[in-house]
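Hi everyone, thanks for making time. I'd like to walk you through one fold today, so let me put it on the screen.

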Amino acid sequence: MRLSETPRMDFIASADRAPPCPGAYALWLRLAAPLAVRAGANFGALGAGDYLYCGSANGPGGLRARLARHMRKDRRAHWHVDQLTAEGAVIGAFIVEGGSECALNAALSDLPAPLPGFGSSDCPRCVSHLRYFPRLARLPYDWENARKAAKFIPPPPQMEGD
Ligand SMILES: [Zn+2]
């Protein structure tokens, strides 16, 4: 790969499609109801809706193992994002083999960061690794392309009273 080449982005709807290699991901999450969350000393309430959480997976099993964990219910809380995956639904993930979570997060800088410090307590660069993803917001071009290449259409949000 040439150094100037943009890392390839893929979209996956299930963890078994992710490679067992190190890399970065943006987890696409959906809350059906508001949720009180905590990030270190900061408390906040997240509204119902979609969120993108940027993380990296450099441990054994790489992206596949980490995303499988995020997509499973019933587990001990370890990361800030576990508060969302325990209550909400994981819709899928954008993944970049060998990528950086901060680069993914920077690509989403147009989206609001609802709670400072969320997922970024050991990151010197980012205010938060969690972004609110409004329903009609557009993702960056390569993100949209990855979603389309995977032929993935997000499920419509469930309305209150469904
Ligand atoms: Zn960061």
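**A strand with two partners**

Let's start with one pairing: aspartate 50 has phenylalanine 133, in strand E7, as its bridge partner. Before I go on, please keep in mind that this is a predicted model.

That pairing belongs to a set of four bridges between E5 and E7, where E7 covers residues 130–133 and the two strands run antiparallel. Now, how many bridges join E2 to E5? There are nine, and E2, residues 23–31, also runs antiparallel to E5. If you want one pair to click on, take leucine 29, whose bridge partner in E5 is tyrosine 51.

And is E5 mostly covered or mostly open? Mostly covered: of the nine residues in E5, which spans 49–57, seven are buried. As a general reminder, side chains in a regular strand alternate between the two faces of the sheet.

Let's zoom out to the chain. It has seven strands and four helices, and along the sequence they come in the order β-β-β-β-β-α-α-β-α-β-α. The radius of gyration is 15 Å, close to the 15 Å that the globule rule gives for 162 residues, so the chain is as compact as a globular protein of that length. For those of you setting up a box, the C-alpha atoms fill roughly 50 × 35 × 30 Å along the principal axes.

Two last numbers for you. Buried residues make up 37% of the 162 in the chain. Among contacts with a separation of 6 or more, 72% come from residues 24 or more positions apart.

That's my tour, and I'm happy to take questions.

Conventions:
Residues are numbered from 1 along each chain as its sequence is written. This is a predicted model: local features need pLDDT of at least 70, side-chain atom pairs count only at pLDDT 80 or more; totals for chains, interfaces and linings use all residues. A residue is buried if 20 or more other C-beta atoms lie within 10 Å of its own, exposed if 12 or fewer, and partly exposed in between; C-beta atoms are placed from the backbone. Two strands pair if DSSP finds at least two bridges between them. The radius of gyration is taken over C-alpha atoms; the globule rule is 2.2 Å times the number of residues to the power 0.38. Two residues are in contact if their C-beta atoms, placed from the backbone, lie within 7 Å.
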